[in-house]
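Biologist: I'm new to this one, and I'd like to learn how to read it. Could you walk me through it, starting with a helix?

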There are 2 protein chains.
Amino acid sequence: MSHPSVAQRLLRASVSAVLLAGLATPAARADEGMWTMDNLPLAQLKQRYGFTPSADWITRVTQASARLALGCSASFVSADGLVMTNHHCANECLAELSPKGQNWFQNGFSANGQSAEPQCPAMELDRLDRISDVTAQMAKALDGKQGAAYSQAQKAAEAGFEKDCVAGDATHWRCDVVTLYHGGKTALYRYKRYQDVRLVFAPDQNAAFFGGDPDNFNFPRYDLDLTFLRAYENGKPAKTTYFPFDPDGPKAGELVFTSGNPGATSRETPAAELELLRDLELPSGIAYLSTLDGVLWEYGRQGAQQTQDAQDELFGVENSLKVYTGWQQTLAQPGTIAAKRAFEAGLKSWIDADPKRKATFGDPWARLMPALAKERQLYTRYAMLEGTRSPRGFMGDLYGYAKILVRGAAERAKPDSQRLSAFHDANIPALEDSLKSSAPVHPALDETLLAFSLTKLRQVLGADDPTVHLVLGHDSPEGLAKSAVEGTKLGDPAARMALWTGGEAAIKASTDPMIVLARTIEPTARALHDEWDNDVVSVKRQTSETIAKARFARDGSNTYPDATFTQRVSFGQVKGWDENGRQISPFTTFAGLYDRATGSDPFKLTQGWIDAKPHLDLATKFDFATTNDIIGGNSGSPVIDARGHAVGLIFDGNIHSIGGDFTYDGAQNRAVAVDSAAILAALRVVYKNQAVADELVKGHL
Amino acid sequence: MSHPSVAQRLLRASVSAVLLAGLATPAARADEGMWTMDNLPLAQLKQRYGFTPSADWITRVTQASARLALGCSASFVSADGLVMTNHHCANECLAELSPKGQNWFQNGFSANGQSAEPQCPAMELDRLDRISDVTAQMAKALDGKQGAAYSQAQKAAEAGFEKDCVAGDATHWRCDVVTLYHGGKTALYRYKRYQDVRLVFAPDQNAAFFGGDPDNFNFPRYDLDLTFLRAYENGKPAKTTYFPFDPDGPKAGELVFTSGNPGATSRETPAAELELLRDLELPSGIAYLSTLDGVLWEYGRQGAQQTQDAQDELFGVENSLKVYTGWQQTLAQPGTIAAKRAFEAGLKSWIDADPKRKATFGDPWARLMPALAKERQLYTRYAMLEGTRSPRGFMGDLYGYAKILVRGAAERAKPDSQRLSAFHDANIPALEDSLKSSAPVHPALDETLLAFSLTKLRQVLGADDPTVHLVLGHDSPEGLAKSAVEGTKLGDPAARMALWTGGEAAIKASTDPMIVLARTIEPTARALHDEWDNDVVSVKRQTSETIAKARFARDGSNTYPDATFTQRVSFGQVKGWDENGRQISPFTTFAGLYDRATGSDPFKLTQGWIDAKPHLDLATKFDFATTNDIIGGNSGSPVIDARGHAVGLIFDGNIHSIGGDFTYDGAQNRAVAVDSAAILAALRVVYKNQAVADELVKGHL
């Protein structure tokens, strides 16, 4: 487990690297499930809600749904390519487009007419067009193949499917082969690509994220977490299928759907892996992140500049902490893991009951045990020295650059097939973009983070650890951090690119103290990376695949597959819940927003909202909660009613939704959305953007 | 669970307030046990070590052992009242005695001859004199009594025992009735009181606590955690039984004993309580303390003054974190709680097998369940608003004073018997001392702590919580902390005493913002206190007593009782352990100290040590590890050999000893001590204090 190095709201897709794969849960109950469009839960919908989707409904939900490549969901909500997503999904665009001296992320943005919509740099929007089941073709292509031949045939088949699907026009179409049910099913997803995406409207951050960290993952909620973009094609607004925008929002108890791209769930993860997560990795990660949270909080108190420099990192840490704490609580409930154990026992009996099945699947749970023992043994060193995203013992942007440079030089000297995946040719352009980035570094914050993480390194591994000796020598964590940050030139993109293009020779010759530090630890970290990958990760993946295949052989697709950041529909209803005997209403209103506003961050309204109060209908519904089963990646998903109209915009889940990584609890797990009525009222009354409001209600049907 | 408000090394007695009582474990194995002098494990000693203590040995161990009232152990090591204890047990004395501009705590102290030994303010040393078993007399006094009459008879009997024991001379004798085995046995402990205790020698803090927090609870270790005091009687050095000081220290594998006052263990705590601790209270407490750790760490980086102001709190937090993390790891091992469950099942069967026993004891485990359900429900609010020592939502010395003043005014208006125990007449002088204290407050640190804790209050209880509304209103945590700290006069002892003596009327009339804050929360906090005490604490105590009595009825005293900060002997041997396949040697040497010294805190030596290096025998053993079963409160315990000579000085345990609260693991649990050879060499060569060294080896036998 590592924490996101970039601040991310939960509902962006964020794969927990600890949890790599797994196995299916028992048949879905209640409103559980993230269903693929070609396998909707028709029986459940009919039985629970008396609803049967029409072919038109299915087509519209498929084709009006979209995905932002950076990890969010979105939808088309007008005939002229208007796209609705979350404010927190457009942060980078808002920051990057802000003219000097302005801050569109903080203060909001309204384009002065369509011609004045600025293009978001490097934003790609993919609109889902078609899903094809290619399981049978894939099976045919692989028939009788083993080992390397199998792998080669698989790659060739995938390339063939994608090539045929794109039909020579990769600029306009994107096709992905998607493996579902951990290998049980293979599908081909075709997306229409939009690489010209422009900014139409964003509210101020105070409204988009009213309540800040205290309210994050909570409900009642009062957020307008909204951005409108527009997809362009050949320089003109794209004409596509879309969700008509409902001016009134949903009613309590109403059947609603979400259509989005949940990033990853771990509902099929074996019980033994969850126990290791519960007993070792979550406690360790929570303690580390909590300490870092305190460091960043106190760092930010030292001045306005420090507050600003630390805020992204601080938000990311606090967000991760809520997630991990939620997981911890879910896994501490005796029922959670016991249910997995019962499921596994049943599947094992089913395998063992037939000699052929036994020969095919064997005992994957037994095969998992040595990998978990190894994981337990390596985990602490791995987290401190290498980590899935960044090493806990070496934090900060400057060290991050040094690590990419040092490792990248060695990796690029190898043939592509022998490199770590991060350094494959396909990923080099993105790496170079990050090295060339003119985003400012914050040396004082970097020094703090490095001093902190080196202190933790010594504390966690112990002062006698050979690696600690190697890193610190006779220096203190503070002293080493200071000399490395003060002495490095890596804050300068040109210096980074010189080392990058200089390759191994430049790295070997460098006296830059941050490069020296990264170079010192690299042999140890790199060896640990391999040991972890070979002895832990790949064994877990293999055993999980075996379990999943056995599961699929027994149960087929009468349930939903674990999330894969591809389009899924969830169904549910607008509904509150019982919180320790207190009934939580499913709706909030504008009145509640004004009651809650204290005038102090993060409960502070901008003057525009204060001035608008007399002109708003305070009974207007603002945010609402639903039983839909969503997870990170669903940010920006539309909430759709039975007619296929957009009635809301998903932006978060309640605190009980966090356990949704492992299990869906219909009693308390709730998705949280902005009401379409609030969106219209805010556009008209607060932001006085009649053009967008008019476009939404124009009803191009 | 709460963290210590004053920094405490683990091995001072520190009662975990979560864990109030409990029940006996299965018969002690290996070197397990904290034995009372009148119930030494003669069979185990004979069988494992071929040793049978003589009557003289027992008398000497009893009478040369001592206890510092502030929570440490100590021993007499010369015929002239020389007392050996830890440096960290004499912190207050060293700080209080330091003349202006000097810092004896940091730089050490050597009295220039006996006549120049300064008296430690308010230090009391109690030397154990005699233990009498009064179980039978107590039973007789209580025979046939019930309810209030029982309680009254018990108090009367205790008063009678103590009065007879003191024999009219309470200045020189102290007698305590001690309840062992959670009520199975009653003993009368008589101590010789020494209220004139003087400072003889202390090393510098760099040597006493070399390695600081990174090395705390770790081994190999290189600490001279030592202070010599002297007990005086009628203005002259006390002449008492003592442990002859061995100049050579122990050998590997040698049988050694400790004699000290372990504060509290929870080896008899029911499994269900441990599960609640593991699943709720430890995760919550560790996350809170970790964040606070980060805040204090970053606070201290802002300057020398900030470092100094925060260091006590920081050390206390990091020490608590190590303890709680150790507990968490111990409780996460499947065997720990499973063993408790098995023990409880056995005891329950024994009770159920006999109708009379069933009538006497009933089913205490079932009676415990509603209290634990209540604990689970109340815990978070209780920890934030009230807490066992201080509320997590309201930190800082200034708020602490306000809370004592507000609550104290209301409590003192009641008859003594109806007050909370902290405000009983007997405790008023100590409270007044703390209010009068001229110890400086640190307003900037207080503001930081209060802002942090109010932020946590809102985060943990949620922005919609009525208590959060009551406290913050429309203010922010930062704003409220700033106005309360800037506006309060409670930093001034005179202002505090004016409010104290003014009682309820003064509190009601006060406009001091810190008093206003404490007054606002008091009705909620006080009600929660009662609910917690009545529905959780007292039920747990009653059921634990019942379980303990059943246990004692079945097994008698063939095992040792949970620790009670009274004198206990543990036996064991000088021995390393296997740490993940690495063999840890039981000894360190002076050579290792110099190897480990980096020149940077906390691995920095004073010039005196650097200069002494050529003159020291670097092969001299410095610290050592033993299998003795010790716990907080054992700090300062002598390590004694089979002859009854002092061969070392306990000052810590290794990381595996932390789980010793719940269970003793002979494979890895180790006590850590300073070698008597190192003490002599350091006195002679480094500190050039030949007088004390000569006194130690003079051998007044």
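Modeller: Sure, and keep in mind that this is a predicted model. Let's start on the outward side of H11(B): the face turned away from its buried side carries the exposed residues Pro334(B), Gly335(B), Ala338(B), Ala345(B), Gly346(B), Ser349(B) and Asp352(B).

Biologist: Which residues of H11(B) are buried, then?

Modeller: Those are Thr336(B), Ile337(B), Lys340(B), Leu347(B) and Ile351(B).

Biologist: Why do the buried residues line one face of the helix?

Modeller: Here's the general idea first: an α-helix has 3.6 residues a turn, so residues three or four places apart point the same way. Now the case here: looking down the axis of H11(B), you find its buried residues within an arc of 85 degrees, so they line one face.

Biologist: What do the buried residues of H11(B) pack against?

Modeller: They pack against H9, H10, helix H12 (355-361) and helix H20 (513-555), which belong to chain B too.

Biologist: And how far does H11(B) reach from its first C-alpha to its last?

Modeller: To read that, compare the reach with what 1.5 Å a residue would give. H11(B) runs over residues 334-352, 19 residues in total, and reaches 27 Å, close to the 27 Å expected.

Biologist: Let's try a single residue. Is Ala509(B) buried or exposed?

Modeller: For that you count neighbours, and 12 or fewer within 10 Å means exposed. Ala509(B) has 10 C-beta neighbours inside 10 Å, so it counts as exposed. You'll find Ala509(B) in helix H19 (residues 493-509) of chain B. Its C-alpha is 9.8 Å from that of Leu499(B), ten residues away along the chain.

Biologist: What about the contact between the chains: how many residues does each give?

Modeller: Chain A gives 36 residues and chain B gives 36 residues. On the chain B side, the elements giving two or more residues are helices H8 (212-215), H9 (271-300), H10 (304-332) and H16 (443-461). H9(B) supplies the largest share, 13 residues. Sorted by class, that side of chain B has twelve nonpolar, 16 polar and eight charged residues.

Biologist: Last one: how do I judge the overall form of chain A?

Modeller: Check its radius of gyration against a compact globule. For 701 residues that would be near 27 Å, and chain A has 25 Å, which agrees. The C-alpha trace of chain A spans about 70 × 65 × 60 Å along its principal axes. Chain A has 24 helices and 19 strands, and 52% of its 701 residues are buried.

Terms used: Residues numbered from 1 in each chain as written. Chains lettered and ligands numbered in written order. Predicted model: local features only at pLDDT ≥ 70, side-chain atom pairs only at ≥ 80, totals over all residues. Contact = placed C-beta atoms within 7 Å. Helix = DSSP H or I, 4+ residues; strand = E, 2+ residues; numbered from the N terminus. Nonpolar A, V, L, I, M, F, W, Y, C, P; charged D, E, K, R; others polar. Expected span 1.5 Å × (residues − 1). Buried ≥ 20, exposed ≤ 12 C-beta atoms within 10 Å, placed from the backbone. Arc of directions from axis to C-beta. Rg over C-alpha atoms; globule rule 2.2 N^0.38 Å.
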